[in-house]
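Visitor: Before we discuss anything, could you put the model in front of us, so that we can go through its features one at a time?

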Amino acid sequence: AELARNLINKYKFNPDDVEEIIIRPSVAFRHWYSDWGYKSVTQAQFSIPYCTACAMYHPEPGAIWYQPETMVDPKIVALMNKVKADGFVKMGGNKFMTVRLKDGTEYTESLFTHPGHPSYMLTRDEFKDDFRMLTRYVLTPKKIEGAIETICHLDEYDDVSGLPQYFH
């Protein structure tokens with residue numbers, strides 16, 4: 001999903017213009033397809049093709065990915081079925097994603113591992129940005145910034161019992 005999101009944000013192509021998406025290598029037990037979509041959040045979240053398609057149509061991850069109507073959206077199902085694996089691995093190693101558009105244009109991105117992994121740590125600003133993005137529909141901007149400020153200075157508090165005030 002991270003690679004798909006990087007590609008769509010960087011190259012600004014329309015997912016409707018995608019001819020094929022190739023993942024090298026892919027994870028065999030997570031390369032699930034469906035002709036109609038998914039009813040189960042578990043099936044959807046563990047399907048690399050589904051998450052790839054969702055990330056291209058909805059680059060900002062969130063609850064929209066697992067809404068019943070999204071999991072059966074014909075555009076997402078069609079794009080999901082254009083995702084092909086070029087070899088399988090158990091886990092680890094560099095991951096590559098190539099998107100080939102209908103006009104022949106190709107875009108490729110790679111990652112060694114996902115951001116946040118101990119070998120690819122996010123910067124403090126990246127953590128803050130992710131927190132803002134992931135909480136903006138459930139917390140007010142004031143609560144988000146208060147939580148960030150508190151979390152970033154936890155080592156300065158004798159008592160962190162005030163932290164929950166930001167999460168309701």
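What follows is a conversation about the sheet, the helices and a few chosen residues.

Guide: This is a predicted model, in which local features need pLDDT of at least 70 and side-chain atom pairs count only at pLDDT 80 or more, while totals for chains, interfaces and linings use all residues. Residues are numbered from 1 along each chain as its sequence is written, and side-chain values use heavy atoms, with hydrogens and water left out.

Visitor: In which order do the four strands of the open sheet lie?

Guide: Strands of a sheet pair through backbone hydrogen bonds, either parallel or antiparallel. Helices (H or I, at least four residues) and strands (E, at least two) are taken here as DSSP runs, numbered from the N terminus, and two strands pair if DSSP finds at least two bridges between them. In this model the order is β3-β1-β5-β6, with mixed pairing. The edges are β3 (83–85) and β6 (106–111), each of which pairs on one side only.

Visitor: In which sense do β1 and β5 pair, and over how many bridges?

Guide: Strand β1 (residues 18–24) and strand β5 (residues 95–101) are antiparallel and share six bridges; Ile21 is partnered by Val99 of β5, and Glu20 by Arg100. β5 also pairs with β6 in the antiparallel sense, again over six bridges, where Phe96 has Ser110 as its bridge partner. These two strands form a hairpin with four residues between them, and Gly104 in the turn has a positive phi of about 95 degrees.

Visitor: Is Thr98 of β5 buried or exposed?

Guide: Buried means under 20% relative accessible area and exposed over 50%, with partly exposed in between (1.4 Å probe, protein chains only). Thr98 counts as buried because its relative accessibility is 5%, and five of the seven residues of β5 are likewise buried. A polar contact is a pair of N or O atoms within 3.5 Å; within protein, one must be able to donate a hydrogen and the other to accept it, and residues adjacent in sequence count only if both atoms are side-chain atoms. The side chains of Thr98 and Thr108 make such a contact at 2.9 Å.

Visitor: Which strands does helix α3 lie across?

Guide: Contact means heavy atoms within 4.5 Å, whereas axes are lines fitted to C-alpha atoms, for helices over the stretch in contact, and angles run from 0 to 180 degrees between N-to-C directions. Helix α3 (residues 48–57) lies across β1, β3 and β5, running at about 125 degrees to β1. Nine of its ten residues are buried, so α3 is largely enclosed by the rest of the structure. At the start of α3, a side-chain oxygen of Ser47 comes to within 3.1 Å of the backbone nitrogen of Tyr50.

Visitor: How many disulfides does a search of the whole structure find?

Guide: A disulfide is a pair of cysteine sulfur atoms within 2.5 Å, and the search finds zero. Cys51 is in none, the nearest cysteine sulfur being that of Cys54, 6.7 Å away; Cys51 is also buried, with a relative accessible area of 9%.

Visitor: At what angle do α6 and α7 pack?

Guide: Helix α6 (residues 124–135) and helix α7 (residues 141–152) pack at about 145 degrees, with axes 10 Å apart. Among the residues that meet there are Phe131 and Arg132 in α6, and Ile144 and Ile148 in α7.
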